[in-house]
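The following exercises concern the reading of a protein model at the level of strands, helices, cores and backbone geometry. Each task is followed by a solution in steps.

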Amino acid sequence: MTGRTERTERTEPSGHAGRGAGPAGSGAPAEESPGEGGGAEVREVARFRQELGLAGLIDVHTHFMPERVLRKVWAYFDAAGPLTGRPWPITYRRTEEERTALLRAFGVRAFTSLLYPHKPGMAAWLNSWSADFARRTPDCLHSATFFPEPGAGEYVRTAVEGGARVFKSHLQVGAYDPNDPLLDPVWGLLAEAAVPVVIHCGSGPAPGRFTGPGPVGRLLARHPRLRLIVAHMGMPEYADFLDLAERHPGVRLDTTMAFTDFSEEICPFPLPELPRLAALGDRVLLGTDFPNIPYPYAHALRALARLDLGDDWLRAVCHDNAARDFGIRPAGPAAPPVRRGGGGAERRRTEPGAGGA
């Protein structure tokens, strides 16, 4: 895949236009690396929230893992492994304590600790770690996972009864069919308990044997009450996963990495689908992949803003939809939105054929 010439004009969070200001593909301004001090970026995210009158953000796609597991994940990204296929610098390579503090400094009211096994025998151990992390991190939504293996139904039931509020299924890394009979008790239990599952089922950044809309469509035909949150908007099969969201009221889409310069270069969101995305504004949730992103957190937010779908849409995506779905109480009365002067260069779009970047 290649990027399209009709893409929008890019203006970075700092106001610097184009990709050339910072490290290649990072979206970071040259004068500051957000992975270092971060003070300017904290202020930038605060301005984003103030523009919308939001007291906070809710990020449904963040990763906290046992240290040795996370280091292996980072090593995979560092090596540009076959499931990434391109340089992928980790912007927030910090300690667990520092990463948690930074999310809070960004005003993230609730986040997840999404984990995913790549082989049998891992999931129950990961769930035990994640349960402990949730106990010591009250603003983290207790997260859990599973793998197609004997006993999966039992440890998923244990996790649900222990308070798990969201699960992660990674069809690309796990290389499994969601319709594997070993997962039948898992899906049935999660559908009945109405616990959402963040599911990486799109074929980006690299296709897997069981990625794409087909396997998930068959899963939903068997378990229509499942609450699935399609990670990364289902990239690159955006339109197909918009179809699934339109047909199934329990399906949500998370914005993780979508619309950013990094993803638009190889998996551009199709401009003709923007009206459908706008119409599904109550089904889209903010996700970022923090800390494993190759650009600043603020860039992901501004990438959403420049879609120009309106402040009501942004407020719903960045906070209100997840607050409703997860039963998160308001933090208090929201401040009045700060009016943007002149619409903001970061909100401009260039129509097809107009010679955008």
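**Exercise 1. Identify the bridge partner of Leu57 in S2, then describe the sheet around this pair.**

Solution. Step 1: the bridge partner of Leu57 in S2 is Val108. Strands (E, at least two residues) and helices (H or I, at least four) are DSSP runs, numbered from the N terminus. The model is predicted, so local features need pLDDT of at least 70 and side-chain atom pairs count only at pLDDT 80 or more, whereas totals for chains, interfaces and linings use all residues. Residues are numbered from 1 along each chain as its sequence is written, and side-chain values use heavy atoms, with hydrogens and water left out.

Step 2: S1 and strand S2 (residues 108-112) run parallel and share 2 bridges. Two strands count as paired if DSSP finds at least two bridges between them.

Step 3: the sheet is open and has 3 strands in the order S1-S2-S3, with parallel pairing. Strand S1 (57-58) and strand S3 (140-141) are its edge strands, each pairing on one side only.

**Exercise 2. Determine the strand order of the open sheet of 6 strands, and state which strands stand at its edges.**

Solution. Step 1: the order is S4-S5-S6-S7-S8-S9, and the pairing is parallel.

Step 2: strand S4 (143-145) and strand S9 (284-285) each have a single partner strand, so one side of each is without a neighbour in the sheet.

Step 3: at the S9 edge, strand S8 (residues 252-254) is joined to S9 by 2 bridges in the parallel sense. Within this pairing, Asp254 stands opposite Leu285.

**Exercise 3. Characterise the surroundings of His170, and decide whether His170 is buried or exposed.**

Solution. Step 1: His170 belongs to strand S5.

Step 2: His170 counts as buried because its relative accessibility is 7%. The classes are buried under 20% relative accessible area, exposed over 50% and partly exposed in between, for a 1.4 Å probe and protein chains only.

Step 3: leaving aside residues up to four places away in sequence, His170 touches Tyr116, Ala175, Tyr176 and His200. Contact here means heavy atoms within 4.5 Å.

Step 4: Phe147 is 23 residues from His170 along the chain, and their C-alpha atoms are separated by 9.1 Å.

**Exercise 4. Describe the packing of H1 against H13.**

Solution. Step 1: two packed helices are described by the angle between their axes and the distance between the axes.

Step 2: the axes of helix H1 (residues 39-52) and helix H13 (residues 311-326) come within 10 Å and cross at roughly 120°. H1 is therefore oblique to H13. Axes are lines fitted to C-alpha atoms, for helices over the stretch in contact, with angles from 0 to 180 degrees between N-to-C directions. Angles under 35 degrees count as roughly parallel, over 145 as roughly antiparallel, 65 to 115 as roughly perpendicular and the rest as oblique.

Step 3: at the interface, Phe48, Glu51 and Leu52 of H1 meet Asp311, Leu314, Arg315 and Cys318 of H13.

**Exercise 5. Which residues of H7 are buried, and what covers them?**

Solution. Step 1: in helix H7 (residues 184-193), the buried residues are Val186, Trp187, Leu189, Leu190 and Ala191.

Step 2: their cover includes helix H5 (152-161), strand S5 (166-170), strand S6 (197-200), helix H8 (213-222) and strand S7 (228-230).

Step 3: Leu190 is also among the residues that touch the most other members of the largest nonpolar core, which has 91 residues; the others are Leu57, Phe146, Phe167 and Tyr297. Helix H12 (residues 297-305) supplies the largest share of this core, 7 residues. A nonpolar core is a set of buried Ala, Val, Leu, Ile, Met, Phe, Trp, Tyr and Cys residues joined through side-chain atoms within 4.5 Å.

**Exercise 6. Locate residues with a positive phi that are not glycine, and the cis peptide bonds.**

Solution. Step 1: most residues other than glycine have a negative phi, and most peptide bonds are trans.

Step 2: Ala194, in the loop between H7 and S6, has a positive phi of about 55°. Its relative accessible area of 33% makes Ala194 partly exposed.

Step 3: Phe259 has a positive phi of about 75° and lies in the loop between S8 and helix H10 (261-264). Phe259 counts as buried, at 2% relative accessibility.

Step 4: a cis peptide bond with omega of about -5° joins Gly204 and Pro205, and Pro205 is in the loop between S6 and H8. Another cis bond, with omega of about 0°, joins Met235 and Pro236; Pro236 is in the loop between S7 and helix H9 (238-247).
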